[in-house]
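Here are some short exercises on aromatic contacts and one loop residue. Have a go at each before you read the solution.

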Amino acid sequence: MSSSPSLVRPAFHDDDLASTLRDASEEVLHQAAFGVVRVDGQGMVTFYNRFEQHFSGRASETTIGRSFFDEVAPCTRSRLFQGRFEQGLAEGCLDVTFAY
């Protein structure tokens, strides 16, 4: 019996990681062996997976609905990170994976 594609655990080396993460259920994202943080167009956290919770020491309850760049990870307020995010929004193309 094979697994459905939606239940395949994401791997950081996947060729099309952005699409895999975008299309995955929260259940699958929680299984990832790396941090997954989803933010909306205003930079507000909408999802924070278990790996990231463990890695950062922050429960999702303390991150969901908060500003990623100002409250959750202020170290990412840089041209490299926040700048790419804002550029992607402006260009309408934001399927970006950050190895940070």
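**Exercise 1.** Work out whether F69 and F81 are buried or exposed.

*Solution.* Start with the cut-offs: buried is under 20% relative accessible area, exposed over 50%, and partly exposed in between (1.4 Å probe, protein chains only). Both F69 and F81 turn out buried; for F81 the relative accessible area is 9%.

A word on the model: it is predicted, so local features need pLDDT of at least 70 and side-chain atom pairs pLDDT 80 or more, while totals for chains, interfaces and linings use all residues. Numbering runs from 1 along each chain as its sequence is written, and side-chain values use heavy atoms, without hydrogens and water.

**Exercise 2.** Find how many aromatic pairs the whole structure has, and describe how F68 and F81 pair.

*Solution.* Phe, Tyr and Trp rings (the six-membered one for Trp) pair if their centres lie within 6.5 Å; planes under 30 degrees apart are stacked, over 60 edge-to-face, the rest tilted. The search gives 5 pairs. In one of them, F68 and F81 sit 6.0 Å centre to centre with 25° between the planes, hence stacked. Next, place them: F68 is in helix α4 (residues 68-72) and F81 in helix α5 (residues 79-91), so the pair ties together parts 13 residues apart in sequence. (Helices are DSSP runs of H or I, at least four residues; strands are E, at least two; both are numbered from the N terminus.) Finally, F68, F69, F81 and F85 form one aromatic cluster.

**Exercise 3.** Locate Q42 and say whether it is buried or exposed.

*Solution.* Q42 is in the loop between β1 (37-39) and β2 (45-48). With a relative accessible area of 64%, Q42 is exposed.
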